[in-house]
Amino acid sequence: MPGERLSIRDNSAVGRFHGASESNGVAVPERHSEAKVKKDESGCRRWLRKACPCCLRKQSSSYDLTIDKEVVDAEKEEPASPVPPSGGDTELKELSLAVSSVDLLSRKTDRNRKEHHTDQYHGDQLIIRRGRTFQMELELSRPFNPNTDKLHLELKIGTLPLVSKGTHIIIPLVEELQDERWEAKIVEQNVNRVKLSVNSSTTAIIGKYKLTVATQCLKTGETTTHDPEKDIYMLFNPWCEEDTVYMESENELKEYVLNDTGRIYYGTEKQIGARTWNFGQFDEGMLEACLFVLDNSEVPPSGRGNPISVVRVISAMINAPDDLGVLEGNWSGNYAGGTSPTAWSSSVEILRQYHKEGGTPVKYGQCWVFSGITTTVLRCLGIPTRSVTNFQSAHDTDVSLTTDVYFDENMEPIHHLNSDSVWNFHVWNDCWMARPDLPPGMGGWQAVDSTPQETSHGTFRCGPASLAAVRSGQVYLKYDTPFVFAEVNSDKIYWQRNLDGSFSQIHSEKKAVGHCISTKAVGSDERVDITHIYKHPEDSEEERIAVETACRYGSKPDVYSSPVAEDVLVEVRMEGEGPRMGGDAQLKIVVKNTSSHPRRTTLHSQVAVMFYTGVLKDTVKKEKLTVELMPLEEKIIEWVLPYNQYQNQLVDQAALMLTLSGRVSETQQVLANQTSFRLRTPDIHIEPIGEAYVGKETSAKITFTNPLPVTLRNVVVRVEGLGLRDLHPIRVGDVGKHANVTVTEHFIPTIAGQRKLLASLDCRQLSQVHGVADINVHESQ
């Protein structure tokens with residue numbers, strides 16, 4: 001009952017309550033000296049006497065212990081050591097070790113961001129590259145004692161982190177750091193503050209990690225954890241020799257990883273156009289958006305340590321079919337409900353919109369937009385990448401590794417059979433990595449294409465395909481090497497339908513595709529031709545061997561015809577930079593007889609408006625020309641396409657294709673030639689006004705001239721520049737025929753240095769009109 005007095009007779013009280021004795025079961029009076037008391041007292045008794053005086057109250061005249069019975073019963077039920085009251089200055093509290101705060105040293109000016117080449121990324125998150133040491137500082141509740149304390153770090157990624165999958169990483173504290181593994185070392189200690197140096201694995205998974213710091217006091221066995229508010233972002237490391245994306249040249253690293261602007265080429269091989277593109281991989285929200293693209297795929301985090309897998313995922317996720325990727329393609333010419341592909345000049349707005357809307361594909365894109373976004377995402381994640389343009393780019397639809405053109409008995413094209421096509425140009429990407437999954441020598445540049453053309457293993461994606469494999473014709477090496485080979489080095493085979501419905505091969509054109517493969521030069525805005533990386537010189541023995549090697553693995557291995565005499569040549573020539581938009585298109589057809597005998601032929605000419613993908617829209621002019629040639633004679637035929645015949649037929653790229661076909665009467669030699677050309681459009685001129693300073697308003701004058709003899713309707717000029725201003729549409733309205741337009745753009749720079757201001761025209765009647773100006777921004781005065 002409450003208040004009942006008991007003598008302590010059970011051993012459970014021994015050592016727990018003041019005065020309890022094991023010898024006789026009764027309280028031992030404290031008549032001994034203070035030294036004796038201290039000698040007999042255990043550490044826990046001393047602690048309890050100090051911690052809880054209400055339980056061990058010192059009596060004035062008697063040291064008998066009076067205990068409430070309910071208290072005794074409670075003590076029997078719970079024999080554990082009592083918990084010291086909150087806020088008490090206790091010995092246990094002094095022994096415990098806890099983390100008060102964590103500083104990830106993640107500011108742009110901190111050593112981590114600079115040494116990891118991530119100081120250009122927006123924000124103050126810790127962004128690091130795998131395989132390199134980084135540092136952090138911990139504030140502890142007391143000084144760390146390596147003899148009695150333990151400490152380790154934990155990193156977790158994904159929704160179900162597992163150690164076995166590499167998504168839950170336990171980082172031990174070691175005395176000396178070793179390379180290529182997860183571990184941490186204390187490098188500085190100042191009272192309660194310690195600095196850790198942390199190693200990461202060269203095969204670490206890419207993405208956003210949650211950090212936990214765990215501490216343990218060996219004396220008490222108490223373990224505490226601390227979760228910092230900030231996450232850790234891990235990227236590929238092309239500066240690290242052990243990383244499979246390692247690139248040796250510092251200049252190439254600056255270009256292919258750190259450059260946030262670039263050039264994308266378009267047009268035809270004889271009229272190569274260029275436009276500046278804002279990749280913007282360091283801009284606000286871009287890292288989060290790029291990781292969102294990865295998260296939105298069906299690939300688990302455990303698969304994101306291999307750049308081959310990541311590139312393949314990104315190739316699929318940049319386009320919308322199959323997986324609701326970033327960008328919806330549209331080649332119809334009708335862009336209602338979205339933005340015209342030619343109006344984009346940057347990946348930033350597209351990726352921001354995709355992220356903001358939770359994965360709804362952005363409308364609309366074509367190949368150069370898909371390529372620009374792919375460059376942004378891969379550079380952001382740390383994979384060296386460039387946009388590449390192939391002129392006269394073949395699209396092989398039947399895996400024959402040839403581009404087939406079919407004619408009827410009268411040498412008229414059979415359109416429904418001509419599923420293979422040759423695009424004026426096609427833009428894809430090269431990315432740099434080792435290929436341990438392929439034979440030695442297949443590493444380096446790899447082709448990857450995010451434009452949805454053909455499926456690969458059931459998904460619209462292409463690559464990575466080793467350029468070394470493409471060049472040598474080893475199309476049996478993964479991934480999608482046959483498709484890339486056909487784009488750059490397939491022969492164009494011409495077929496004619498016989499009276500019985502069968503087809504005979506009538507001509508083979510060996511230099512029809514894969515011309516002037518172009519990318520931006522390292523360190524400048526110049527164009528560099530990289531055709532030699534994709535294939536050997538045309539007609540060289542090595543190139544022919546590569547073609548024959550490749551075709552053995554195609555669907556038509558016996559396609560090549562026997563050699564025939566070819567003594568009549570036909571070609572198309574263009575003066576200067578070629579025809580301009582708004583005027584008559586003039587070309588020259590040259591027919592030459594190289595034999596010592598007369599030759600007679602009938603040339604069928606047909607010109608059609610063409611999408612840049614090689615798909616013909618409408619035929620705008622057809623002619624039949626009879627040509628008689630004396631021995632060794634050359635004739636030049638002036639060919640003209642009046643403006644009024646094409647003005648209402650043009651599509652985005654203002655491209656046309658002239659097809660010539662014929663047969664030499666005397667020798668039955670077949671003549672065949674296809675020439676694509678575009679109508680050149682004017683540039684937008686941007687003229688900076690005055691000096692530019694960070695935080696101060698400055699201006700630029702933007703001018704362009706309508707080249708057409710008709711009024712342009714609903715003209716919009718889109719202006720943007722990284723570090724200068726976000727995308728700003730300027731609504732100009734209608735622009736009269738041959739009229740000049742001038743607008744002044746005001747903006748406030750936020751970043752010092754050489755920046756680029758871009759402008760592009762968004763107009764239904766006129767596309768591929770754009771301009772760029774360098775703006776030298778000074779620090780604020």
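**Exercise 1. Describe the overall make-up of the chain, starting from its contacts.**

Step 1. Among contacts in the protein chain between residues at least 6 apart in sequence, 67% join residues at least 24 apart. This value, like every other one below, comes from a predicted model.

Step 2. Turning to secondary structure, the protein chain holds 15 helices and 40 strands.

Step 3. As for burial, 52% of the 781 residues of the protein chain count as buried.

**Exercise 2. Check the length of helix α10, and state how covered the helix is and what follows it.**

Step 1. Helix α10 runs over residues 367-381, which makes 15 residues, and at 1.5 Å a residue these should span 21 Å. The expected span is 1.5 Å times one less than the number of residues, so the count of residues itself is not the multiplier.

Step 2. The end C-alpha atoms of α10 lie 21 Å apart in the model, which agrees with the expected span.

Step 3. The helix is mostly covered, since 15 of its 15 residues are buried. After α10 comes G382, a residue with a positive phi near 105°.

**Exercise 3. Find which residues touch the most other members of the largest nonpolar core, and which element gives the core its largest share.**

Step 1. The largest nonpolar core has 110 residues, and those touching the most other members are M136, L153 and Y534.

Step 2. Its largest share, nine residues, is supplied by α10, the helix whose 15 residues were found buried in the previous exercise.

Step 3. Apart from this core there is a second, separate one of 55 residues, whose members include L629, I637, L658 and F704.

Step 4. To look at one of the well-connected members, leave aside residues up to four places away in sequence: Y534 then touches V388, W428, D430, A447, L467, V470, R471, V484, V488 and I517.

**Exercise 4. State how many cavities of 30 Å³ or more are found, and describe the lining of the largest.**

Step 1. The count comes to two cavities of 30 Å³ or more, and the largest cavity holds about 70 Å³ of space.

Step 2. Its lining consists of E255, Y256, G262, R263, F279, R379, R386, S387, T519 and K520.

Step 3. At least two residues of this lining are supplied by each of α6 (250-258), β11 (261-268), β15 (385-395) and β24 (515-520).

**Exercise 5. Decide whether K621 and F747 are buried or exposed, and list what each touches.**

Step 1. K621 lies in strand β29, residues 616-629. Its relative accessible area is 16%, and K621 is therefore buried, the limit being under 20%.

Step 2. A polar atom of the K621 side chain lies 2.4 Å from the backbone oxygen of V640. Not counting residues up to four places away in sequence, K621 touches S605, Q606, V607, W639, V640, L641 and Q645.

Step 3. F747 is placed in strand β38, residues 740-747, and with a relative accessible area of 3% F747 is also buried.

Step 4. Once neighbours within four places in sequence are set aside, F747 is in contact with K696, E697, T698, S699, A700, L724, R725 and L757. F747 and D726, which are 21 residues apart in sequence, have C-alpha atoms 9.3 Å apart in space.

**Exercise 6. Locate the backbone features of P464, Y479, C516 and N714, and give the exposure of C516 and N714.**

Step 1. G463 and P464 are joined by a cis peptide bond with omega about 5°, and P464 belongs to strand β21, residues 462-466.

Step 2. Another cis peptide bond, with omega about 0°, joins K478 and Y479. Y479 sits in the loop between α11 (467-472) and α12 (481-489).

Step 3. C516 is not a glycine, although its phi is positive at about 50°. C516 lies in strand β24, and because its relative accessible area is 21%, C516 counts as partly exposed.

Step 4. N714, likewise a residue other than glycine, has a positive phi near 50° and lies in strand β36, residues 712-721. With a relative accessible area of 60%, N714 is exposed, the limit being over 50%.

Technical notes: Residues numbered from 1 in each chain as written. Predicted model: local features only at pLDDT ≥ 70, side-chain atom pairs only at ≥ 80, totals over all residues. Heavy atoms only, no water. Helix = DSSP H or I, 4+ residues; strand = E, 2+ residues; numbered from the N terminus. Buried < 20%, exposed > 50% of the residue type's maximum accessible area, 1.4 Å probe, protein only. Polar contact = N/O pair within 3.5 Å; in protein donor to acceptor, adjacent residues only side chain to side chain. Contact = heavy atoms within 4.5 Å. Core = buried A, V, L, I, M, F, W, Y, C linked by side-chain atoms within 4.5 Å. 1 Å grid on protein atoms, 1.4 Å probe; cavity = no way out; pocket = protein on both sides within 12 Å on 5 of 7 lines; lining within 4 Å. Points joined across faces, edges and corners; volume = space filled by probe spheres on them.
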